[in-house]
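Please open the model in a viewer and keep the sequence panel visible. The tour below proceeds by selections, each followed by a description of what is found there.

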Amino acid sequence: MFHLPSPLRGAALALVLSTAVLAGCGGGIYLGWEGGGYDDLPPSVSLVTSVTAARVGDPVRLSAAASDDYAVARVEFYRVEPNGAVVRLGTDTFLPYAWDTVLPDSPGGAVRYLARSVDDAGQVTDSAWVSVVLQR
C-alpha cells in the first residue's frame with residue numbers, strides 16, 4: 001500500500017474531492033499548454049478565372065482556393081493596372097472565395113489578377129498572377 005506524507009494527504013484529498021464535485025456537475029479539469037512551440041504555417045492560395053480570353057466589359061469571375069493549418073481570415077482580390085499599380089478589387093471572408101469583376105481595357109493586351117490569402121494570425125500568401133487576354 002502507498003502512503004503519502006501527512007502534508008500531501010490533505011492536498012491529494014482536496015484534489016480528488018474537487019474533481020468529483022466538478023465531474024458531478026458536468027465540469028472537469030482541463031489542462032492546457034502554453035508557451036509556443038507550435039508551428040503556425042502561412043496560408044496557401046491559388047487563383048483561377050472563369051475565362052482565359054474575353055472582350056472589354058465582359059464579366060470575369062475570380063475564384064480562389066485558400067487553406068491554412070488553423071483558419072483563413074479572408075481572401076483579397078487584386079488587378080494590376082497597365083502602369084504597374086496594384087488595385088484591390090474586393091475581399092471575401094467566406095467559402096467559396098470568389099469575386100466578380102468586368103474586364104477593363106488594357107493597352108498591354110491582357111489583364112493580370114492576383115489573390116491574397118490572410119490567415120487568422122495575419123500571415124499573408126499571394127497566388128501566382130493569372131492573365132486574361134483581351135480579344136479585340
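A salt bridge, as the term is used on this tour, is a side-chain nitrogen of Lys or Arg within 4 Å of a carboxyl oxygen of Asp or Glu. The model shown here is a predicted one, and the structure holds 6 such salt bridges.

**First stop: a salt bridge between D105 and R136**

Select D105 and R136. Their side chains meet in a salt bridge, with a distance of 2.9 Å from N to O. D105 belongs to the loop between strand 6 and strand 7, while R136 lies in the segment after strand 9, so this pair ties together parts that are 31 residues apart in sequence. R136 is exposed, at 64% relative accessibility.

**Second stop: the sheet of three strands**

Next, display strand 1, strand 3 and strand 6. These 3 strands form an open sheet in the order 1-3-6, and their pairing is antiparallel. Which strands stand at the edges of the sheet? Strand 1 and strand 6 do; each has a single partner strand, so one side of each is left without a neighbour in the sheet. On average, neighbouring strands here are turned by 20° against each other, with direction ignored.

Now look at the boundary between strand 3 and strand 6, where 6 bridges hold the antiparallel pairing. One residue to select there is V60, whose bridge partner in strand 6 is T101.

Remain with T101, which is part of strand 6, residues 97-102. Is T101 buried or exposed? Its relative accessible area is 14%, and it is therefore buried, the cut-off for this term being under 20%. Beyond its neighbours within four places in sequence, T101 is in contact with D58, P59, V60, L62, R79, L89 and Y113.

**Third stop: the nonpolar core**

Select V75, F77 and L103. These residues have the most contacts inside the largest nonpolar core, which comprises 18 residues. Two or more residues of this core come from each of strand 1 (44-49), strand 3 (59-67), strand 4 (72-80), strand 7 (110-119) and strand 9 (130-134). The greatest contribution is that of strand 3, with 4 residues.

Centre the view on V75. Not counting residues up to four places away in sequence, V75 touches A64, A66, G90, T91, D92, Y97, A115, R116 and S117.

**Fourth stop: strand 4 and strand 5**

Display strand 4 together with strand 5, residues 86-92. The two run antiparallel and are joined by 6 bridges. Across this pairing, Y78 stands opposite R88 in strand 5. The hairpin of these strands has 5 residues between them, and G84 takes a positive phi near 95° in it.

Show the side chains of R74, E76 and R88, which are linked in a network of salt bridges. Within the network, E76 and R74 form a salt bridge whose closest N and O atoms are 2.9 Å apart. E76 is buried, at 5% relative accessibility, whereas R74 is partly exposed, with a relative accessible area of 31%.

**Fifth stop: strand 7 and its partners**

Finally, select strand 7. Of its 10 residues, 7 are buried, so the strand is largely enclosed by the rest of the structure. Its partners may be visited in turn:

- Strand 4 pairs with strand 7 in the antiparallel sense over 8 bridges. R74, met at the previous stop, has V118 as its bridge partner in strand 7.
- Strand 9 pairs with strand 7 in the antiparallel sense over 4 bridges. Here R112 stands opposite S131 in strand 9.
- Strand 8 runs antiparallel to strand 7 and is joined to it by 3 bridges. S117 stands opposite T125 in strand 8.

In the hairpin of strand 7 and strand 8, there are 4 residues between the strands, and G122 takes a positive phi near 85°.

To conclude, show the side chains of R116 and D126. They form a salt bridge, the closest N and O atoms being 2.6 Å apart. D126 lies in strand 8 (residues 124-126) and R116 in strand 7, so the pair ties together parts that are 10 residues apart in sequence. Are these residues buried, partly exposed or exposed? D126 is partly exposed at 36% relative accessibility, and R116 is partly exposed with a relative accessible area of 25%.

Key. Residues are numbered from 1 along each chain as its sequence is written. This is a predicted model: local features need pLDDT of at least 70, side-chain atom pairs count only at pLDDT 80 or more; totals for chains, interfaces and linings use all residues. Side-chain values use heavy atoms; hydrogens and water are left out. Buried means under 20% relative accessible area, exposed over 50%, partly exposed in between (1.4 Å probe, protein chains only). Contact means heavy atoms within 4.5 Å. A nonpolar core is a set of buried Ala, Val, Leu, Ile, Met, Phe, Trp, Tyr and Cys residues joined through side-chain atoms within 4.5 Å. Two strands pair if DSSP finds at least two bridges between them. Axes are lines fitted to C-alpha atoms, for helices over the stretch in contact, and angles run from 0 to 180 degrees between N-to-C directions.
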